[in-house]
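Visitor: Please take me through one part of this model in detail. I would like to look at the residues that a database record marks as a binding site.

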Amino acid sequence: MATVTKIAVLGGGSFGTAIANMISANGHDVTLWMRDRDNVEQCARLHENVNYMPGYRLDDNLKFSSDLEQTLQSCQVVFFSVPSKAFRDIAHQAKPFLPPGTIAISTAKGIEANTFKLMSEILEEELPQVRVGVISGPNLAKEIAKKAITATVIASDDSELCKTVQCLLGSRYFRVYANRDRFGVELAGALKNIYAIAAGMAAAMHMGQNTISVLITRSLAEMSRFAAKLGANPMTFLGLSGVGDLFVTCTSPLSRNFQVGYALGEGLGLEAAVAKVGQVAEGINTTRIIKEEAEQLGIYMPLVSALYETMFNQRPVSEVLSSLMLAEQSTDVEFFAE
Ligand SMILES: NC(=O)C1=CN([C@@H]2O[C@H](COP(=O)(O)OP(=O)(O)OC[C@H]3O[C@@H](n4cnc5c(N)ncnc54)[C@H](O)[C@@H]3O)[C@@H](O)[C@H]2O)C=CC1
Ligand SMILES: O=C(CO)COP(=O)(O)O
């Protein structure tokens, strides 16, 4: 394992706070960087991130900063925990301060609009000097804060990087599995957010467990089909970062994507639903991006199309559901093809 004496976590939202705190509690020197100076001052004074993780007592040794250069100075490992919209900009800003060989890990579950790049691909483009990995899995930040037994996946073909991240994050309640299918792990993390919005809508409309079950199962088939066509290992989708994360995000009211879907299901418009949740819900943009990509590539994604119609074209849910249920069915039994 690489010798690690200093770590940075960029992004002071729910997940960045949880990651930084776990690493600090494991005895490492960690700085949590956030852009807002007032937040830094408040976190340092209260040892609590009141805006994103109220009630979560942060480790006494965790440091906070809004100075990117100072935060990154002499760091061997950097976690990028900002939403996908801000990701390239932050990676670009970090570039001058990261020497060759620095380990850079993305925790963001989104896709860049217009380029269809995953966050690790953005890291490779913006920071060609670093070693890249991705963390993804069923990791609700608020449950991590409660020390609920949790597992995640570190995805990279760099075994030493995986070992380093396992050592930094692993604990009695947090286990880190390694996977070489970085593309599949990362794509799964972005895709499942789409279906969590649909699951939130179904929950708000009291649709019952048969419906939730069919939604989760067909979502898994749809996302695996899409990812396999793009080169991911379909087996990845049977693991923590696939069905594991899909399940948690489609069933937990703690998920912000689920919450946006729930608000939509209660009858709010998209803008009002997003405002009500007040934190990032990556699935909204991802729905738009995947719909476009699937159409270009000719990949059958009926659930994505249905959600797109209700979210962006205000098509009534009842109409969309009828078209889904009454669509012509194939009698061929093919992998992922039902
Ligand atoms: N919260 C969770 O349970 C998990 C979230 N994730 C992923 O981690 C990423 C971050 O999510 P959260 O921390 O939950 O989001 P959040 O909404 O809780 O916080 C986002 C943070 O990013 C900061 N930010 C936004 N734009 C910025 C910019 N331009 N420059 C600097 N900082 C900026 C915000 O100020 C805020 O501190 C997302 O892609 C999400 O999908 C992954 C696993 C679990
Ligand atoms: O990715 C997550 C859990 O693994 C968090 O989901 P949300 O972004 O929907 O809150």
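Guide: Start with Phe15, which contacts Ser81, Thr107 and Ala141, leaving aside its neighbours within four places in sequence. Contact here is C-beta atoms, placed from the backbone, within 7 Å. This is a predicted model: local features need pLDDT of at least 70, side-chain atom pairs count only at pLDDT 80 or more, and totals for chains, interfaces and linings use all residues. Residues are numbered from 1 along each chain as its sequence is written, while chains are lettered from A and ligands numbered from 1 in the order written.

Phe15 sits in helix H1, residues 14–25. Helices are DSSP runs (H or I, at least four residues), numbered from the N terminus. Why does Phe15 count as buried? Because 25 other C-beta atoms lie within 10 Å; the cut-off for buried is 20 or more.

Now the record. An unreviewed UniProt entry lists Phe15 under "binding site". Ser14, Arg35, Tyr52, Lys109, Ala141, Arg256, Val280 and Glu282 are listed there too. Such annotations may be inferred rather than shown by experiment. Ala141, then, is both a listed position and a contact of Phe15.

Turn to Arg256, another listed residue. Helix H11, residues 256–265, holds Arg256. Arg256 is buried, because 23 C-beta neighbours fall inside 10 Å. Not counting residues up to four places away in sequence, Arg256 touches Val277, Gln279, Val280 and Ala281. One of these, Val280, is on the UniProt list as well.

Conventions: Helix = DSSP H or I, 4+ residues; strand = E, 2+ residues; numbered from the N terminus. Buried ≥ 20, exposed ≤ 12 C-beta atoms within 10 Å, placed from the backbone. Contact = placed C-beta atoms within 7 Å.
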